[in-house]
Amino acid sequence: MNWQEEYKRRLCSAEEAVQHIHSGDTVFLGHAVAESSLLVDAMVQNATAYQDVRIIHMTNLGSGAYTQPGMESHFHVSPFFLGATVRAAVAEGRGDFIPCFFHEIPQLIRERRVPCDVLMTQVSPSDEKGYCSLGVSADYTYQALKSARTVIAHVNDQYPYTFGTKVHVTELDYIVEQSAPLYESKPPKIGEVEEKIGRCCASLIRDGATLQLGIGAIPDAVMMFLGDKHDLGIHSEMISDGTMELYQKGVITNQRKNLDRGKMTITFAMGTKKLYQFLDKNPDVLVKPVDYVNHPVTIMKEHDMISINSAIQVDLQGQVDAEAIGLRQFSGVGGQVDFIRGAAMGGGTSIIAMPSTTQKKDGTLISKIVPFLDQGAPVTTSRNDVDYIITEYGIAHLKGETLRDRAWALISISHPSVRDSLAEEFERRFHQNYRA
Ligand code: COA
């Protein structure tokens, strides 16, 4: 049988495909933009046919309908990262979070420490040899596809064909064809604070550096100030529209990279339709599995790696919480520590960039630089790993600095309204205690 016949033999409807999920199965969803609402909706519609199906994903962008009250006996979600729609479910006990470095997820799947019985994901239409692309999400989706007992693929002609990772149609067990628009993220709001932070970050980026930038207002603000740099490279967990725009301006050339020279290397992408069109059949971008892209041993080989990530809170020792508000899980470690460690191992630079404050619903300002992390908050990036912290008030360099110098550096970039109280804590910690 040729591949075209194999393909036709696998075609079915979403309703038929989800009947191959069994009670007790663990179902992985394609990551981020790769998640198929078509397949997830069909699974949720069929909920009464299942008992105890475990749903696993990293960032989820769909409705998360499987977490709604009333679904508990059918589905239980165990994410590696919380998107907006599963955050409440986890807080309310209808799900449970798995802490894990992003680069380790494929290994957990391979070794069945987190088993993958079924994968449901979007893929691109096949090429002339019968290969589909995993498009904007190779990350753990590739390993899940290799390990799953049953692969249910939504072939979407709006899903880009990218290079770096491809799968043959004979690896897909059930194929559902439907043209569907992809999730698009809204451009972030960049205000004066983000601009100041962006300018500080840009001042640490040298010509020829290889960058990892996340999503959101701060990475986009950094890119606003990179217009006069030369020959930047991208080796990043993800990219969004801002990176594409810098590439189109010729600022990113990838010519000084040590790995995949001349190409951007990523493990997933999330942005607007413009970005997805840019990525489609673009030989200058490689979308590879996360156990390659985010592995610190890969990252350390890159030329002058600079990683830029954000945080919820930083304490006066430089311990960074980037994933929870106290005990309440907000997101996950993602690739933050993968890149911070990889950059450090190769002699690069890592930056945690964040506004000095956040606002409560009633408008009160809360400082993000604090004497102690909130009770129950996890340390995402340890004080041994941290390098630079940046706020709109400047740059604090912590690596190699003493606890006392770190504390002063952090106080100097905190919001002016909290500097006195932080200074009092400094006095208590470093003077009164020493005298006692
Ligand atoms: N105390 C209480 N609440 C806080 C807070 C603090 N110190 N800091 C932030 N918050 C609240 C904000 O008010 C906001 O609340 P809202 O959702 O009700 O508006 C929410 O937490 C998110 O804060 P925001 O500043 O908008 O976050 P962000 O979108 O810039 O994301 C992280 C910041 C740290 C959550 C995010 O970068 C992350 O998840 N990082 C870990 C993963 C990572 O680094 N991956 C690698 C790159 S892809």
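The following questions and answers go through aromatic pairs, ligand contacts and exposure in a predicted model.

Visitor: How many aromatic pairs does the count come to?
Guide: Rings of Phe, Tyr and Trp pair if their centres lie within 6.5 Å. By this rule the count is 7 aromatic pairs.

Visitor: What is the geometry of the pair formed by phenylalanine 28 and tyrosine 140?
Guide: The ring centres are 5.8 Å apart and the planes make an angle of 65°. Planes over 60 degrees apart count as edge-to-face. The pair of phenylalanine 28 and tyrosine 140 is therefore edge-to-face.

Visitor: How many residues apart are phenylalanine 28 and tyrosine 140, and where do they lie?
Guide: Phenylalanine 28 belongs to strand E1 (residues 26-29), while tyrosine 140 lies in the loop between strand E5 (131-133) and helix H6 (141-147). Both residues are buried. The pair links distant parts of the chain, 112 residues apart.

Visitor: Which class of pair do tryptophan 408 and phenylalanine 426 form?
Guide: Their centres are 4.6 Å apart, with 35° between the planes. Tryptophan 408 is in helix H14 (residues 403-412) and phenylalanine 426 in helix H15 (residues 416-435). An angle under 30 degrees would count as stacked and one over 60 as edge-to-face, so this pair is tilted.

Visitor: Is phenylalanine 426 buried or exposed?
Guide: Its pair partner, tryptophan 408, has 43% relative accessibility and counts as partly exposed. Phenylalanine 426 has 2% relative accessibility, and because buried means under 20%, phenylalanine 426 is buried.

Visitor: Which residues form one aromatic cluster with Trp408?
Guide: Trp408 and Phe426 form a tilted pair. The cluster holds Trp408 together with Phe426 and Phe430.

Visitor: Which ring has the charged end of lysine 166 over it?
Guide: In another part of the model, arginine 87 lies over the face of phenylalanine 330, 3.8 Å from the ring centre. For lysine 166, the charged end sits 4.5 Å from the centre of the ring of tyrosine 131.

Visitor: How many residues surround the ligand?
Guide: The closest are Ile312, Ser331, Gln336, Thr358 and Lys368. By class, the shell has 7 nonpolar, 10 polar and 3 charged residues. The number of residues surrounding the ligand is 20.

Visitor: Which residue has a polar side-chain atom 3.4 Å from an oxygen atom of the ligand?
Guide: Isoleucine 312 has a polar backbone atom 2.9 Å from a ligand nitrogen. An N or O atom in the side chain of lysine 368 is 2.9 Å from a nitrogen atom of the ligand. The contact to a ligand oxygen at 3.4 Å comes from lysine 361.

Visitor: What share of the ligand's accessible area does the protein cover?
Guide: On its own, the ligand has 990 Å² of accessible area. The protein covers 68%.

Visitor: How many residues of helix H13 are buried?
Guide: Helix H13 spans residues 336-345 and is mostly covered. Its buried residues include Gln336, Phe339 and Ile340. Of its 10 residues, the number buried is 7.

Visitor: Is glutamine 375 buried or exposed?
Guide: Glutamine 375 is in the loop between strand E21 (369-370) and strand E22 (388-391). Its relative accessible area is 78%, and because exposed means over 50%, glutamine 375 is exposed.

Visitor: What separates the C-alpha atoms of glycine 400 and asparagine 384?
Guide: Glycine 400 lies in the loop between strand E23 (394-397) and H14, and is exposed at 76%. The two residues are 16 residues apart along the chain, and their C-alpha atoms are separated by 8.9 Å.

Conventions
Residues are numbered from 1 along each chain as its sequence is written. This is a predicted model: local features need pLDDT of at least 70, side-chain atom pairs count only at pLDDT 80 or more; totals for chains, interfaces and linings use all residues. Side-chain values use heavy atoms; hydrogens and water are left out. Rings of Phe, Tyr and Trp (its six-membered ring) pair if their centres lie within 6.5 Å; planes under 30 degrees apart count as stacked, over 60 as edge-to-face and the rest as tilted. Helices (H or I, at least four residues) and strands (E, at least two) are DSSP runs, numbered from the N terminus. Buried means under 20% relative accessible area, exposed over 50%, partly exposed in between (1.4 Å probe, protein chains only). A charge sits over a ring if NZ of Lys or CZ of Arg is within 6 Å of the ring centre and within 35 degrees of the ring normal. A residue is near a molecule or strand if one of its heavy atoms lies within 4 Å of it. A polar contact is a pair of N or O atoms within 3.5 Å; within protein, one must be able to donate a hydrogen and the other to accept it, and residues adjacent in sequence count only if both atoms are side-chain atoms. Accessible areas come from the Shrake-Rupley method with a 1.4 Å probe; for residues, only the protein chains shown count as cover. Ala, Val, Leu, Ile, Met, Phe, Trp, Tyr, Cys and Pro count as nonpolar, Asp, Glu, Lys and Arg as charged, and the others, Gly among them, as polar.
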